[in-house]
Structures are given as structure tokens and as C-alpha cells.
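Q: Please take a close look at one part of this model, the third of its chains, and describe how that chain is built and how it meets its neighbour. I would also like to know how far the prediction can be relied on there.

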Amino acid sequence: MASLITCPHCGVRPKEEFTIRGDASLMRPAPMASEEAWHDYVYVRANPRGRSFEHWQHAAGCRRFLVVERDTLTHEVHSVTDGAVLATRSGR
Amino acid sequence: MRYSAFSIFRNALSGNLTWKSQWRKPEPKPHYDVIIVGGGGHGLAAAYYLAKEFGIRNVAVLEKGYLGSGNVGRNTTIVRSNYMLAGNEPFYEFSMKLWEGLEQELNYNVMLSQRGVIMLYHSDGQRDAYIRRGNAMWMEGVAAELIERDALKKMIPFLNYDNARYPILGGLLQRRAGTARHDAVAWGYARGADRHGVDVIEHCEVTAIRRDGGRVTGVETTRGFIGCGKLALAAAGNSSQVGQMADLKLPLESYVLQAFVTEGLKPCIDHVIVYGGGHFYISQSDKGGLVFGGAIDGYSSYAQRGNLATAEHVMEEGVSMIPGLSRVRVLRSWAGIMDMSMDGSPIVDRTPIDNLYVNAGWCYGGFKATPASGYCFAHLIARNDAHPVARPFRLDRFARGYAIDEAGVGPQPNLH
Amino acid sequence: MSAYRLPTGGLVDRSRPLAFRFDGRSMRGFAGDTLASALLANDQVLVGRSFKYHRPRGIVSAGSSEPNALVTIGFGARSDPNTKATVTELYAGLAARSQNRWPALSFDVGAVTGLLSPFLAVGFYYKTFMWPAAFWEKVYEPLIRRASGLGRAVLEPDPERYEKSWAHCDLLIVGAGPTGLMAALTAGRAGLRVILADEDFRLGGSLLSEARVIDSVAAHVFADRVVAELQTLPNVTLFPRTTVFGWYDDNVLGAVERVQKHVAEPASGTAQPRRRRSLPIWV
């Protein structure tokens, strides 16, 4: 849950060590994509009530960007993955 | 029943057994001209002004819980109009003026207490920024005063003036700002709306929005289908969820904000004091509790439940501003879900769907906005045209490049 | 001492008298007394005034649920308003003051509001104080503010130090009554890392007032024996004087330990003078 995050590099750490940077499910559009695509990427949010993906930076630890898969209603954490690992895995 | 010294006296003589309910508990009708989703302050105020000022009385307010169970009952009761940006200040000043007449308007004592809101500054740069803000307020006809350190020490002696990291150099004061009794605002508007014929329906959750072609025809609820001519959303905290029922995508994220109150104390803090070294604000309720809060918990949430780390952080800020606070015990804490928008400012607008209107994105600032938000939303619903002071709060302002970013942090909702 | 103080019985140590003051009057209690029991032993039945009507109030409970016996402990920057006498451990030099009364506890002018009680029903303030409009803030609100609240916060810089620490355990037990003690003992013997927290200064809970015999000794002696064994277990940590106040996500709990609240002045010297620590506990 959201009091403790299991960092894949550092182990179980309290929330205070992290900086939360928001929705990690967004895909950056191509540079020449339409203004609408860029508008949606920058401003529009799904804001799910339930399972969500968020960027948490382990600012007081390894300083890696992590993707935290978490339930916004129960605060349960389902997975924590290094952002770069996730990006490679999903072919980004 | 009109409230007066006489009504108090007469009811006392009959053992206080003859008071009437403040609003009815009506069964939903099959169809309303306007349905407002959300029986919080904004929804109730919108219903009240729709009926009273715009002559639309066939209105229902649908509330999924009990009245006042959302953010109107979960805030720190601060009212102020000390914004800097031209997109915000006229609206909040309109709200302030409505606050000033609200108890007489509603025949309900909302306990507006214009005790002054003072925002502290801790550096020359911050002082410059507050001078600029004060000047911006004067440009809109709103009085602001810069209180320098020596004068502030006389006014509020118990602050930590010589803190090494955040010495207190002074503050920007809006004397007309202050607090109001939040429950009374919800109840006063509900009673007022009810008296003008509005059906305030509690424990009625909207589960779907029914559409036919490009128009909304009504809502599915936990108490059955209810048809409507116009549908208005005022469901802060859950705006994205309700909006989704009509495929409306909003520039919002939901975050949890905590607030706290201490045990009752004799009068000791006579203003609303806002810390400039972090995010902390405190005032004393008429009952004696010190009411305070800070920043949101940082992660998106719908849980109405806070985190210990944030609670500790808020209290540490409080103690760094008022060292003597460490001797006072916290009685209670609670949390509410904020619609955090991408520029920190609200949305009061029409939507791509003809007869669907949205009022959302109030971030932490919704309580003070209640009267004007209700009035402007009613104006929009009734006339299909924005009230002049709410015109900047458009849904498409991000696409058009007219974001109203008071904090200047960009599209990062948890930083507003 | 008075008729309320029995010659024998209870858990006070009659060989260790403690002098304290209530509203300026000198009184005597014993080590092991709470402030409430010491006040009763001194015939001090009236201890406070109610919030709204300033009605006379006495002690009604023996624990942290006490609604009436709220007093201010200490003076100046060391004042602790709204402290429950029923959970305040008596110490030599304790100075307590009653609250919400003027000019005196036994003669309180505020009590006249009681005569108006029919007119002051629940929520009356929403329905009145509106005429003339300007009077709310100038007259009514200041009067209401002055009449309400209980203790007085001095808001002077606090001379005392506080610290935060983390604790980790497999099992947290909140409450050191018979169940809590036995749970701690069982889990402790089995090798679990146990934290046993109790808000009281003496562990035992209801065993401390239990008249029956357990294992052929008095219940409180039994409690002491269990506590003594728990103290020998390196994997068990006892936190008396500790209130667990919140259960947060991921089994993180918040607690406040009153490290030196039961002495007149916190110890100074090499150790940090501290009175309290909040204690996030990961379970």
C-alpha cells in the first residue's frame, strides 16, 4: 500500500523517500503528432478509481524512476518496476 | 419556518419538540428540468440560485451519501479572495461579496467571521511576490495590506520570527477574509433550496448517464431512472468518474487532502495564518479547536484516508511556525478527495454534450468558492452562457493556451 | 487525607507520599496514584465545568474515556491544557488547575448560561445571532468564543524536546491487559519480535483492579510476573505510557510515548531531554 513501497533496488522503504510524479500510463506522442494528441498527453487524465500506474522517483534512495502499480481506492500496491526495465519490456 | 429570536423563544416554550426538519426527504420524481449530481456545497448552492435567481424550480440535487458528507464537510473553512491572477480574482471577490450577505440571504447563521487571513513571507523575494499579489488585488478593487515584521509581532506575537531557515519577515493581510461554519453552509443552502421547491435527495447515487443522440435524457441511480432536461455535474473528487459515464475526459486527477482539529481551547489564535515556508494554514473555530491542514498526500487516491507521513509533516510545519503548538493535542483528523486540475483552477463550463454542464477541478479551494460557484453554475445552466466572472474557467482553456496557473508549476496536478 | 482514602488495598505505595497542588491548594497523594484518585482522596469531588453550560463536573471514569476531569497541568510554557486527570500519573510537585471557570471552580459566573438552556438547544446558533447583521462578529461571536473552549493554550515556545523513532515488529499488541499480556508472552516465547504498548503507566489493564486470584496469587501480582518474564525476552519490547493513535496503510501505526511526562522537569544532561516520541511502527 501507499505507506511503504518495495523499491526493486533498495527494498521496502517509506513513502517519505519518494517523489510522486503522476500518471505513468501515458504514452508520449511522436514529435509531429497532432495538437490534439499532445493536448491529451499533457492535460487529459483517465484518473482511474482502482488500478493505476504512477511514476514514483526514489529521491532519497537509488534515485531511479519507478512505476508503481497501485489501487487508488484501497491503496494496495500490486507491483513496483524500474521505469527503464518496464519501458524496455514494453518495447518503448 | 423562519428562524428568529422569536422562533427560538417559542420553540423553547414547547420543549424544543416543535422544530420542523430543515428540508424534506422527497421521493425522486420521474423527471426534472435540471438534475444536479452532487449534494455538496456547490451543488446545493447551484440549486438554490437556480430556483431563487433564475426561476427554475423543478430541480433535483442527487447526493450519493448524506448531505455534507463530501468536501463541504471536510475542509478547513477558510474564505478569502486574495488571488493574483486576473482569471481568478474577480470570481473569488464575487464569492466574498456573496459570503458577506449569506446569513441574511439564507436566514441561516453561517458564522462568517472576517477575522483576516494573513499569508506570511520569509524572504525578500517572497515579500516582493506578495506585494505584487496585493497590488493585483487592489487592481480588482480588493483591499490588501502588507504587514511588516514589527507590526506583525504586535498583532501575532506567538510566531517563530527568528527561525533560522524561515524567519518571518511579515505577511500579506486580507482583513475581509476569514472563516465560515462549513456545515451551516451545506445545511443553509439545502434548507434554502428546499424552500424554493428543489428536491434534495440523499442516498441516491448516479450509476449511469443515459443519452439519446447527442443529448442526455436522464440518469440511472440507485433509486431508479430519473429523467432530466439538463444535467449538471458538481461531484468534486469524483468528477472524472461521473464524467466518464458520459465519455467526458477531464483534465483532472483526484488526490487526498487531510485536515486536523485540536481539542477545544480558549481563544488564542484570532486570524487565519498561512505559513509561507511550506504549506500550512491554521485558524481557531468558534468552539475553540485549532483547525489546520497542509499539502495533499502526493499520490492519487479516492480513499478519503490520509497517510501518517503527511500528517507528521503538516504538524512539523505547524510547530515550526508556532512553536507552542507542540503542547496542544490533536483531537481528530479526516481526509477529502480533491479534484486537482492541471493548472490549479476550476472548470465551470458547458461540455461537448448539449445539455450537460460541468463544475469541477476546485483543487483545495472549493469551500471559499461555494456561493459564487453555485451562482455562476446556475447562471450557466439557466442561460447557457457563462457568468462574466466565471468565463475564464473553460474546459477548453488548456487547448487554447489560457491556463490559469496561480502557483506557476505547470500541468502537474499534485503540485498545485 | 480523607475518608475516601482506604487504609489498605489498591496499588498505591503508602510509604511514598507525593505533594501536589490543585488550583493552588496543597494536597498529598501516593506513588501509584493517578491525579484523579489523588484528588478524590483529598475530597476534591468537583474538578471541572462542562463545555456549554458550565455545569459542575466530577470524575466519571477510570481511564482515557474520561469526559469531565480535564485539567491543565503545569505553568507557563510547560502548560498542558485539557489533560485527563484519570490517566495522569501523579508525581511530586505536579501542579494542576481546573478549567473553563471564572472566577473560581466552586463559583463560576459562566454557570448562569444553564438558566438559558431551553433557548440554547442543539444548533441554536445557526438560527439566531443574525440581528442586527453587524452584531454577529462584533458582539455574539467574541462572546461565544470566550465562553467555549476548555483549557488555555499559552503558545509560548515549548522548552521541551521531542523525537521521532521507528520501530519494527512481527506482532504489535495494543493494550497490556490479561489478553494482551498473554498474547505477548505466547508470541514472545515463540520467538516473534513483539511490541506491547499500553497507555497506562503500569501494565496489567483490568488485572490491576481484579479481586480474584490467578495462579494462587493476586491478579496484579500475576500481571507483574508476566511483565517480569516479558522483560527478560530480548525479542519483546514493552512500551508503557504509549498511546497508539492510528492504523495506516501497510500496517504502519502511529504511537505517542510519554517518555518523561510523569516527572516535574525532564531529566537533562547527556541524554536528550525529551518528553514524547511519535513512533511509526511497521508491523
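A: The answer begins with confidence, moves to the chain and its sheet, and ends with the contacts between chains and domains.

This is a predicted model, in which local features need a pLDDT of at least 70 and side-chain atom pairs count only at pLDDT 80 or more, while totals for chains, interfaces and linings use all residues. Residues are numbered from 1 along each chain as its sequence is written, and chains are lettered from A, with ligands numbered from 1, in the order in which they are written.

The model scores ipTM 0.94 and pTM 0.95. Chain C has an average pLDDT (the predictor's confidence in each residue, from 0 to 100) of 89, and 92% of its residues score at least 70. One stretch of chain C calls for caution: over residues 269-274 pLDDT stays under 50, and for this stretch the model has 13 contacts beyond four places in sequence. Here a contact means that the C-beta atoms of two residues, placed from the backbone, lie within 7 Å. For chain A, the average is 94, with 98% of the residues at 70 or above; within chain A, confidence is lowest in helix α2 (residues 83-89), at a mean of 91, and highest in strand β5 (residues 65-71), at 97.

Chain C contains 5 helices and 18 strands, where helices (H or I, at least four residues) and strands (E, at least two) are DSSP runs numbered from the N terminus. Its C-alpha atoms fill a box of roughly 70 × 50 × 40 Å along the principal axes. Of the 283 residues of chain C, 34% count as buried; a residue is buried if 20 or more other C-beta atoms lie within 10 Å of its own, exposed if 12 or fewer, and partly exposed in between, with C-beta atoms placed from the backbone. Among the contacts in chain C with a separation of 6 or more, 55% join residues 24 or more positions apart.

One part of chain C is an open sheet of 3 strands in the order β10-β11-β14, with parallel pairing, and two strands are said to pair if DSSP finds at least two bridges between them. The edges are β10 (171-174) and β14 (236-239) of chain C, each of which pairs on one side only. On average, neighbouring strands of this sheet are turned by 15° against each other, direction ignored; axes are lines fitted to C-alpha atoms, for helices over the stretch in contact, and angles run from 0 to 180 degrees between N-to-C directions. Strand β11 (residues 194-197) of chain C pairs with β14(C) in the parallel sense over 4 bridges, and C:I195 stands opposite C:T237 in β14(C). Across β10, β11 and β14 of chain C lies helix α4 (residues 178-189) of chain C, which runs at about 165° to β11(C).

Another residue of chain C leads to the neighbouring chain. C:F124 is found in helix α2 (residues 124-127) of chain C, and C:F124 counts as partly exposed because it has 18 C-beta neighbours inside 10 Å. Leaving aside residues up to four places away in sequence, C:F124 touches B:I8 and C:F119. The C-alpha atoms of C:F124 and C:Y140, which are 16 residues apart along the chain, are separated by 13 Å.

The contact between chains B and C takes 35 residues from chain B and 41 residues from chain C. On the chain B side, the elements that give two or more residues are α1 (5-13), α3 (89-106), α6 (182-195) and α8 (308-321) of chain B, and α1(B) gives the most, with 5 residues. The residues of this side of chain B divide into 16 nonpolar, 11 polar and 8 charged, where Ala, Val, Leu, Ile, Met, Phe, Trp, Tyr, Cys and Pro count as nonpolar, Asp, Glu, Lys and Arg as charged, and the others, Gly among them, as polar.

Chain B itself is divided into domain 1 (28-81 + 83-108 + 182-251 + 343-415) and domain 2 (117-176 + 254-341), with bounds that come from an automatic or database domain assignment. Between these domains of chain B, 31 residues of domain 1 are in contact with 28 residues of domain 2. The largest share of the domain 1 side, 4 residues, comes from α3(B).
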